[in-house]
Amino acid sequence: MWRTCGALSAPALTLARSRGARACGGDGGVSYTQGQSPEPRTREYFYYVDHQGQLFLDDSKMKNFITCFKDLQFLVTFFSRLKPNRSGRYEAAFPFLSLCGRERNFLRCEDRPVVFTHLLATGRGPSRLSYCGGGEALAVPFEPARLLPLAANGRLYHPAPERAGGVGLVRSALAFELSACFEYGPGAPALPSHVHWEGRRLALTMELAPLLLATPRS
C-alpha cells in the first residue's frame, strides 16, 4: 500500500491529489502527472505555495483559501521536512522537496517556501513567528533586528529554518503591522535603518540580503 504523509487519510489524499498530466508554471515547462510512480513503490506529487503561505497542489486551477491545504498535521509534516531539491529530478522547476518515506513532494513557490503569517506572543518569553499554517508547531523566534525590507519588491523577510533556505517571506498583512515599528533616517530614505521593539531601538542588520539572493527560488 502507498504511504501517505501527515494526518490525511488515503481516500482524502486521493481526492485532494487529482491526477492529470500538465505543463507546470515553473521554468522549463516540465510536465508531470500527480501521483506518478517513476520507480517501484515510489510516488511523486507537486505543490505550490503562494505569497500568503497557502499550500496548493501545483495543478489546481483555482488557488484560494477554499482550495488550499488546511490540515495541521499534514502541513507540519510537509514543511518540517522541506529542503532544497537536490534529487536530480525537477530541480529547476521545483526548487524544494519534502520527503515522506518513499513519497517525494516537490514544491515551487511564488517567492519563498516559508511564509510567515502570524506573530505569536506566548507570554512566557520572546515572541515567535509562525509560518505556513502550522501555528506553534511551525514557528521560529522573532528576531526584529534581522528583518530585511527589500526595496526591489517592497516585501519584508525574516530568518527561516536553514533547511528551507534560511530566509522566509513575511506575509503582506503582517509586514504592514510590523512596518509601524520601523524608523527611517533623515530625508526618509527608501529603507528603514532601525526597528523599535519592546522598548528597544535596534539597528537593522540587513545580513539576510546575500543569503536571499543565494538561495533557490522558483
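Let me begin with a definition: when I say that two residues are in contact, I mean that they have heavy atoms within 4.5 Å of each other. Please also keep in mind that what you have in front of you is a predicted model.

With that definition I can start from one residue, His194, which has its place in strand S15, residues 194–197. Leaving aside its neighbours within four places in sequence, His194 is in contact with Cys181, Phe182 and Glu183, and also with Arg201, Leu202, Ala203 and Leu204. Is His194 buried or exposed? Its relative accessible area is 16%, and because the cut-off for buried is under 20%, His194 counts as buried. Its side chain also makes a polar contact, at 2.8 Å, with the side chain of Ser193.

Let me now step back to the chain. The protein chain has four helices and 16 strands, and of its 218 residues 47% are buried. The accessible surface comes to about 10,700 Å², and carbon and sulfur atoms account for 56% of that surface. If we take the contacts between residues at least 6 apart in sequence, 51% of them join residues at least 24 apart.

I turn next to the sheets, beginning with one of five strands, which is open, has mixed pairing, and runs in the order S4-S3-S7-S6-S5. Its edge strands are S4, residues 55–57, and S5, residues 82–84, each of which pairs on one side only. On average, and ignoring direction, neighbouring strands of this sheet are turned by 35° against each other. Within the sheet, strand S6, residues 96–100, and strand S7, residues 103–109, run antiparallel and are joined by five bridges, and Phe96 stands opposite Leu107 in S7. Helix H2, residues 72–80, packs on this sheet and touches S3, S4, S5, S6 and S7, while its direction makes about 90° with that of S4.

There is also an open sheet of six strands, again with mixed pairing, in the order S10-S9-S8-S13-S12-S11. Why do S10, residues 139–141, and S11, residues 148–150, each have one side left without a neighbour in the sheet? These strands stand at the edges, and each has a single partner strand, so one side remains without a neighbour. Here neighbouring strands are turned by 40° against each other on average, direction ignored.

Along one part of this sheet we can follow the pairing residue by residue. Strand S8, residues 115–120, runs antiparallel to strand S9, residues 128–131, and four bridges join them; in S9, Leu129 is the bridge partner of Leu119, and Ser130 stands opposite His118. S9 in turn pairs with S10, also in the antiparallel sense, over three bridges, and here Arg128 stands opposite Pro141 in S10.

Finally, a word on confidence. The average pLDDT of the protein chain is 86, and 83% of the residues score at least 70. Over residues 6–15, however, pLDDT stays under 50, and the model has 14 contacts beyond four places in sequence for that stretch. Residues 18–28 likewise stay under 50, and for these the model has 31 contacts beyond four places in sequence. Where pLDDT is low, the predicted coordinates should not be read in detail.

Methods:
Residues numbered from 1 in each chain as written. Predicted model: local features only at pLDDT ≥ 70, side-chain atom pairs only at ≥ 80, totals over all residues. Heavy atoms only, no water. Pairing = 2+ DSSP bridges. Helix = DSSP H or I, 4+ residues; strand = E, 2+ residues; numbered from the N terminus. Axes fitted to C-alpha atoms, helices over the stretch in contact; angles between N-to-C directions. Buried < 20%, exposed > 50% of the residue type's maximum accessible area, 1.4 Å probe, protein only. Areas by Shrake-Rupley, 256 points an atom, 1.4 Å probe, with all protein chains shown as cover. pLDDT = per-residue confidence, 0-100. Polar contact = N/O pair within 3.5 Å; in protein donor to acceptor, adjacent residues only side chain to side chain.
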